[in-house]
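Visitor: I would like a close look at a single part of this model, taken slowly, with its own neighbours set out before anything else. After that, please follow the connections outward into the rest of the chain.

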Amino acid sequence: VEKEQSELHDSKEDPRVFQRGRPEYKSLCYNRFETLETLPGEEAEAILLGVTSWGGNQTPAAITECFHKLSRLPEEHRAALLAEPGFDTLSRCAVEQIQGFSTPQLIEILKACVRLGVPPAHSLLDACERDFCRRAWAMSLEQLLLVADCWRCLPRAVPSYLSILFSYAARSCQDLALPQLVQLLYIIGEGRRAPPELVQKLEGVIWKHLDACTLEEVGAISLGLFKSLSAVPERLVRRIAERVAPELEEMSTYALVNVLKLLRYARLDHLPLLRELGKVIPPRIPTTNVQGLMHVALACSSLHYYDEAVLAAVAAALPSKVAYCRSKDAAKFLWSFGCLDYEPPNEEEFYSSLIEHTRRKLREFDRFPEHLLTGLLGLAFVGRFPEELIDYALSEDFVQKTRNSKYELGKDLFTLGRSVEIECPRYRGSRLSPQLSQEMTQLVLAFAQQEIFVRPEIVEAVSLLESVLGGPEYVKSHMILPHARSSDLEVHLAADGRPVPFNVKDSAGRELRDIGVSLTDELMAQLLKGKCSTQPRRGAENEATAPGWEPRGEKQAPQTPFSGRSGPARTSLHISPPLGGFLDAPSSPALPQQPGGVKLAIQVRQLRLLGYVVLELPFWEWFPLLKRTRSEKLSYLHYKVFDPAL
């Protein structure tokens, strides 16, 4: 029972913990822990009996008093109260006189409705919402926030009321007191929306109050910004990270996870915080609920941050907690570990527990097809292909369900389907239709032409490789595997190491060039300085798009702290796993001994299966080089292509 209670996440109450930290929140929030004198059952019966005899002339004050008294009934009697004819009569009287109530009286009735658990769609609440919207501009900000909090507690969606509240707050942003600011951000987050102009105005107010916030309040601010789905300035996210990094050990796990959500949303890698996370979070993991663990793993994955201590602790704790995973949680665990290519010490237990749980939840994925594809792609990254799940995911019935999703899942189906074709030649289950595969191929290639091949780091790499090799006919920028959705630079070398021209189409009408650069040990040492150093590159913490080179401590080679699927100049999944016990992926074949010699491509495992030698242009090497001289960049690429180890 203790374990089950520790795994329960109260999505309504957990985000409200910060409200217990200051007395000022009493006027801004509904307090479910407020101690009220219990109303005896016989007194409640007397009130209801009196109400039924009313002739419709009761005053707003008398109606308010009745609601307040009835809300003090013991919790076990409240459901029966709502079914009493007398309560219907009382509610009808309140609706008829709704405009006669003072604002404090109407707020008291709303709080009584929260205590009594009045259904969100009740006609009394309809009338209350309309009247609060009518009188909102005459209310104080404290009253507006308190009413919004009551709507959240009911819970009832009130988009019109929130729009008025946000407009009101936008006019007086600079005057917000700290508790008002935090409560407003909580309401914004729970409503899952906010006008962009309001979030922009709140940035300066957050900045002003941040140092005075408690750690729980910083967590609440982070969660509100994360849930608002608004663009949050990087400088603000970095400031929040700087505020909590030195005090991470004093922060509750819930508040800490909220900060991680914001970092993930902003794609901001703050190394001091992440390093501290590696010290603070592993001892807490056994007592952290499974959703918290999922967010820790997902943050590491999204930020391409590899910390073996964190990942090993998550993997060790998960099998005993897997029964409490939602379908979403299981999928995100598989995705996160797959992206980071981490093989935990309990690898078989870890993956088998998640795969078996996914099988048990299979029908749940009919409602959330995106989660099944997320999990299966994460498994594919580590060379695991559970046939039963793949057969279901590629079936026509499931493909049809993906079309009803709010997400575009065609490309994920395409990635999974083509990966299975390449890596599991003995697979005999469902496959994507040729029409869908062709449609996705064209879609991905069109996107690449507009968004990927034109990126400056890729354009420059192509141009410089042409110079190194002798012309455009020696290199081709394209997608060898469209389903991988990343850029490949293909080069062919003869058996003696000479470049072989093959890209006739791209070289038509262009002049052959042959520009060489002498490659010395000194130059290469200068170019790659720091790659194996134990000291971080200076300023790494301040460069979200080009993370630093510091090794990750316990498992240093061959990756850096920032690893995973993506990198602007792209690169690879960097996966070389032991294969699971399901559909076996074939071992990498020997490179074909063909007349053309060796084909080089900058990509991943599946290219090796197709006979390519795969090289990487890691962004942590290539991005700093973009600021160096042309000669240095040419030397780097020359070294990559003509490495004697090939």
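Guide: In what follows, two residues are in contact when they have heavy atoms within 4.5 Å of each other. The model is a predicted one, and the part I have chosen is D149, which lies in helix α8. Leaving aside residues up to four places away in sequence, D149 touches R16, Q19, L28, C29, Y30, Q183, Y186 and I187. One of these neighbours, R16, also takes part in a polar contact, in which its side chain and the side chain of D149 come to 2.6 Å. D149 is classed as buried because its relative accessible area is 0%, and the class takes in values under 20%.

The helix that carries D149 leads directly to the interior of the model. The largest nonpolar core has 189 residues, and those that touch the most other members are F132, W151, Y161, L165, L225, L273 and F333. Helix α8, which spans residues 141–153, gives the most to this core, with 9 residues. The core draws at least three residues from domain 1 (10–324) and at least three from domain 2 (451–502 + 595–645). Apart from this core lies another, of 8 residues, including I480, A484, L607 and L609.

Just past the helix, the chain offers a feature of backbone geometry. Most peptide bonds are trans, whereas the bond from L154 to P155 is cis, with omega near -15°. P155 has its place in the loop between α8 and α9 (159–171).

To go further into the large core, one can take L273, which is among the residues that touch the most other members. Not counting residues up to four places away in sequence, L273 is in contact with A241, V244, A245, L248, V259, L260 and L263. Two of these, A241 and V244, also appear among the buried residues of α13, a list that further holds L236, V237, R238, R239, I240 and R243. Helix α13 covers residues 234–244, and 8 of its 11 residues are buried, so that the helix as a whole is mostly covered. Among the elements that cover those buried residues are α11 (196–209), α12 (215–227), α14 (253–266) and α15 (271–284).

Two of the loops among these helices hold residues with a backbone angle worth checking. Most residues other than glycine have a negative phi. R192, however, has a positive phi of about 60° although it is not a glycine, and R192 is found in the loop between α10 (178–191) and α11. R267, in the loop between α14 and α15, likewise is not a glycine and has a positive phi, of about 55°. As to cover, R192 counts as partly exposed because its relative accessibility is 44%, while R267 is exposed, with a relative accessible area of 58%.

Another loop residue, N346, is set between α18 (327–340) and α19 (347–360). N346 is buried, with a relative accessible area of 16%, and its side chain reaches the backbone oxygen of A315 at 2.9 Å. The contacts of N346, not counting residues up to four places away in sequence, are with A315, A316 and P319.

Further along, K411 has its place in helix α23 (residues 410–423) and counts as partly exposed, at 25% relative accessibility. K411 and T441 are 30 residues apart in sequence, yet their C-alpha atoms are 8.6 Å apart in space. Residues that K411 touches, not counting those up to four places away in sequence, are M440, L443, V444 and R485.

For the setting of these details, the protein chain has 30 helices and 4 strands, and 55% of its 646 residues are buried. Among contacts with a separation of 6 or more, 75% join residues 24 or more positions apart. The accessible surface of the chain comes to about 28,400 Å², with 51% of that area belonging to carbon and sulfur atoms. The structure holds 0 disulfides; of the cysteines, C300 counts as buried at 1% relative accessibility, and C339 counts as buried at 6%.

Definitions and conventions: Residues are numbered from 1 along each chain as its sequence is written. This is a predicted model: local features need pLDDT of at least 70, side-chain atom pairs count only at pLDDT 80 or more; totals for chains, interfaces and linings use all residues. Side-chain values use heavy atoms; hydrogens and water are left out. A disulfide is a pair of cysteine sulfur atoms within 2.5 Å. Buried means under 20% relative accessible area, exposed over 50%, partly exposed in between (1.4 Å probe, protein chains only). Accessible areas come from the Shrake-Rupley method with a 1.4 Å probe; for residues, only the protein chains shown count as cover. A nonpolar core is a set of buried Ala, Val, Leu, Ile, Met, Phe, Trp, Tyr and Cys residues joined through side-chain atoms within 4.5 Å. Domain bounds come from an automatic or database domain assignment. A polar contact is a pair of N or O atoms within 3.5 Å; within protein, one must be able to donate a hydrogen and the other to accept it, and residues adjacent in sequence count only if both atoms are side-chain atoms.
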